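Trainee: Please take a close look at one part of this protein, the nonpolar core. Set it in the context of the overall fold.

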Amino acid sequence: MRFLPDSREPTVAIVGFGYVGCCLGVTLAGQGLHVTGIDRDARLIAQLEEGRCHISEPGLAEALTGLRGTSRLTFSTGYDAIESADVIVIAVGTPIGEDRSLVTRQLEEVCAELAPRLRRGHLVVLKSTVAPGTTRGLVRPLLEAGGLVQGDDFGLVFCPERLSEGNALSELRALPIIVGGCDPESTHSATEFWKRALDVPAWEYTSPEVAEIVKLADNWWIDHNIALANDLARLCDAFQVDVLEVIGGANSLPKGGGHVNILLPSVGVGGYCLTKDPWITWNAARQHGVRLRTVETVRAVNDAMPGYTHETIRAELARAGRHPDGAKVAVLGAAFKNNTGDLRSTPVKPVVDGLLAAGVTVSLHDPLADAAELRALTGVEPSASLEEAVTGAHCLAVLAGHEPFQQLDFAALRERVSMPCLIFDGRAYYPQETIEHVRRLGFGYRGIGR
């Protein structure tokens, strides 16, 4: 392989040690490779060197601790390790601006640092999510500014990150890697790298543009599917049927190579990817004269769900005779995804904002989220315990279905809340047995489409 050493295991430098870079770097080091994590955040690097994990991902902190003090995983705020590495992975953030276009400033800064340090034989792997054409049209010329020629002197591929938060480490060792190189030798070298490093299959494609669009298509599809579920939930509300029963029946239909697969409705879509990647796709298409109307519609549907949620809670409280000024809602769970503490673009924030704006008193408890981050995000002082949060509440709004909230002792909670109390199920998806149980206890129940 022109861009991969044949006689030894490749060494790796990962630029950007956030969520993707950290999960990948720790996994590769755990597989026996020598990895250097590079990040401009000196505080982050100091934490990593001390063995402290800044990311809440199952198994990651333990794996990082196990690698502390070994030569397999080292860290730096500088780029000196680039020259001795064989494979350079770029995993920096690529947000969108107010006009919904891709912000490539950080990516460009990294390329400017890499260009003068590239040597013959380097393989550069871009994992940051980008618009179609970015690898070939932006990254390649920036790297070639150092004097080397892509394809002759160094390899360049796009290999998108497709990890699901909460399952990242297991998926890194199982999911197929998408490989789209700027030339055949780059593609083949990257495929061999992933095979040797993680022993996972790699799907080779003819260009980086294909791989770039694969990544965007995945998140475009997920966003669309959730929007379908959310609209379906609102339809089921109108007819007073359980959306989960409808989804279960609909998903029994064979179609294509599998079955209909409608996902679950919720209080809204959050996180770093689903809220921006469809807009990256939309903006790239717009620049080429194509209007993606489905992206516009789907984003509007999903962005409307927090408003639908707080309006539904207020309507249920009013039906029970509770005026907003005298009502207390205990929000249980603030993360954008169940069983994580990740607050990035969480749809729970606009729900809290809407309740507060209506005059509702809001308490807030999320055992997985950082209390300081939660306070800064919502302006609400988080309750130290579940018992503190629910005391005197007229509504328990379960807006993240963390495992502790799946096992709530509603009989005990009945002694702390203000009865009759509403249980609003935003993402716990309680089974019918639980719903019947809480109603026998005197609680009201309302869910998204339930």
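Mentor: The radius of gyration of the protein, taken over C-alpha atoms, is 24 Å, which agrees with the value near 22 Å for a compact globule of 450 residues. That rule is 2.2 Å times the number of residues to the power 0.38. This is a predicted model: local features need pLDDT of at least 70, side-chain atom pairs count only at pLDDT 80 or more, and totals for chains, interfaces and linings use all residues. Numbering starts from 1 along each chain as its sequence is written, and side-chain values use heavy atoms, without hydrogens or water.

The C-alpha trace spans about 75 × 50 × 40 Å along its principal axes. The fold holds 18 helices and 15 strands, as DSSP runs (helices H or I, at least four residues; strands E, at least two). Of the 450 residues, 52% are buried, meaning under 20% relative accessible area with a 1.4 Å probe, protein chains only.

Now the core. A nonpolar core joins buried Ala, Val, Leu, Ile, Met, Phe, Trp, Tyr and Cys residues through side-chain atoms within 4.5 Å. The largest one has 43 residues. V12, L28, L73, F193 and W194 have the most contacts inside it. Helix α1 (residues 19-30) gives this core its largest share, eight residues.

Look at V12. Beyond its neighbours within four places in sequence, V12 is in contact (heavy atoms within 4.5 Å) with L28, L33, H34, V35, T36, A85, V87, V89 and F193. Apart from this core lies another, of 33 residues, including V351, L364, A369 and A397.

Contacts across the sequence complete the picture. Of those with a separation of 6 or more, 74% come from residues 24 or more positions apart.

Note on methods:
Buried < 20%, exposed > 50% of the residue type's maximum accessible area, 1.4 Å probe, protein only.
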